[in-house]
Amino acid sequence: MTPYRLRAAALVLALGGLGLACESEEAFPNIDELDELRSLHTLSRQPSKDGTNRVDGLAAAEALGARLFNDGTLSRCGTVSCASCHGGEGLTVDTAKAEGCGGRQTARNPPTLLNVAHSRWFMWDGRADRLWSQAVLPLTHPDEMDSDAQLVGAQLASARYRNEYHALFGKWPEEEAGPALLANVGKALAAHQRTLVRVDAPFDADVKRFIAAAEAGTAEKDPAYLGLKTFVRKGQCIVCHKSPTLSDDLFHNIGVEDTGDGSGGQWAILDSLLSWEFNAASPLSDAPAGTEAIRLQTLRTQAKQAELEGAFRTPSLRNVALTAPYMHTGGQATLEEVVDFYNDGGGTAGTFVGRKTDTIVALDLSDAEKRALVDLLKSMTGTPR
Ligand code: HEC
Ligand code: HEC
């Protein structure tokens, strides 16, 4: 139980005996909740550099990456680019699944790439531990771009890219071994994706103003009162959607209906991530040797099946109004539907793999609280660059 719930429960017990239970609610925010609110606002435009990618932050890499991102000729069918599934304002698609080469469907909903530089893990199940290595997955996946090092290498060796590639990586594309070439293409793509930023949302200004109101003792009069109170207290959203990214960057099983191939969650990918030829501890990474391997090993040894089976990464809520449909399945069409899902305490046992986390319980929200929560989610849309 969180400290708030413990204290509230004690208060209800104490006052319950006197028949005063309904008047026991503590004023919002209490000291701990005020601290939580202070940690929520203002996401920086750019996090620190990715030490495993030596071209991260270089203008030349960002420019090359931007061209590659939009280039369908990197795919086997010649028409599917990264932008095919990560386009429009939300840098995603508006359908539950996306289409790759030959009209084949992806297994999951494409996440937005907005603010992706702030993530620690990639893919809904965390099977990529760096942004540059993630790019190898869609490039080579048969349902996505269906490509390989040879096809990608042939494009990079063409006059369109040769010189740029050489200037950045110090070798000609045709001199490069296949995995190294794919890793370098991933590093340029990552440099570009790290510029896809959308921060400074009305939410940030609202939270700042609300904190000032709380300090002045007028929190209840602030227009953001009900939304923030529901997000922080009754809804417990902040337990997982925390910090300025509005994600703990961890994996939880919240009971989203899914019994398909990709339903195993993070538990299913841990072993393959450890031995993956492109992980951050591999020779293709530019990180100092050792530290990344230790980090990955720790992840594996500390993993608990009961917690990670059917567990998916907490997505950021920033810009969430631009990225419907929702969840790793794309199975929830609107934010109203998402709020109803949480209000019901997540999905019914048997419709998903593994065990739902204890934090997800029925919420008993009023219609006004549900509406305030949806409005709050909509206020998280940042300003385009
Ligand atoms: C056919 C559609 C499709 C194409 C093409 C595609 N993606 Fe994706 N992308 C997806 C899907 C679906 C996921 C989620 C997969 C999963 O979690 O299992 C995803 C996930 C990602 C993620 C992880 C984001 C996160 O928050 O975890 C990144 C980054 C990404 N794609 C970048 C790229 C890049 C770069 C390319 C081009 C090389 C690309 N994608 C091509 C559909 C696509
Ligand atoms: C126990 C941690 C946890 C709590 C508590 C929690 N979430 Fe989530 N949230 C997640 C995870 C994990 C996902 C992705 C689940 C999946 O796809 O299987 C998610 C997904 C979402 C999404 C979909 C985002 C997208 O891009 O698809 C929204 C919106 C959302 N949560 C809002 C909320 C709100 C509002 C609350 C409070 C009522 C809340 N969450 C409470 C962990 C949590």
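The following dialogue discusses two ligand sites and one alanine in a predicted model.

Reader: What kind of model is this, and how are residues, chains and ligands numbered?

Author: This is a predicted model, in which local features need pLDDT of at least 70 and side-chain atom pairs count only at pLDDT 80 or more, while totals for chains, interfaces and linings use all residues. Residues are numbered from 1 along each chain as its sequence is written, chains are lettered from A and ligands numbered from 1 in the order in which they are written, and side-chain values use heavy atoms, with hydrogens and water left out.

Reader: Which protein donor does the iron atom of ligand 1 have?

Author: Donors are N, O and S atoms within 2.8 Å of the metal (3.2 Å for Na, K and Ca); water is not among the atoms, so sites may look incomplete. Here the only protein donor is NE2 of His86, at 2.1 Å. His86 lies in the loop between H4 and H5; helices (H or I, at least four residues) and strands (E, at least two) are DSSP runs, numbered from the N terminus.

Reader: How many residues surround ligand 1, and which are the closest?

Author: A residue is near a molecule if one of its heavy atoms lies within 4 Å of it. Ligand 1 is surrounded by 27 residues, the closest being Cys82, Cys85, His86, Met123 and Trp124. The shell divides into 15 nonpolar, seven polar and five charged residues (Ala, Val, Leu, Ile, Met, Phe, Trp, Tyr, Cys and Pro count as nonpolar, Asp, Glu, Lys and Arg as charged, and the others, Gly among them, as polar).

Reader: Which polar atom of Met123 lies 2.7 Å from an oxygen atom of ligand 1?

Author: A polar contact with a ligand is a pair of N or O atoms within 3.5 Å. For Met123, the atom at 2.7 Å is a backbone N or O. Arg127 instead uses a side-chain N or O atom, 3.0 Å from an oxygen atom of ligand 1.

Reader: Which residues come nearest to ligand 2?

Author: Of the 26 residues around ligand 2, the nearest are Cys237, Cys240, His241, His328 and Tyr342. Helix H15 (335-343) gives the largest share of this shell, three residues. A polar side-chain atom of Tyr342 lies 2.6 Å from a nitrogen atom of ligand 2.

Reader: Is Ala98 buried or exposed?

Author: Buried means under 20% relative accessible area, exposed over 50%, and partly exposed in between (1.4 Å probe, protein chains only). Ala98 is buried, at 3%. Its contacts (heavy atoms within 4.5 Å) include Cys85 and Pro110.

Definitions and conventions
Polar contact = N/O pair within 3.5 Å; in protein donor to acceptor, adjacent residues only side chain to side chain. Lists of a residue's contacts leave out its neighbours within four places in sequence.
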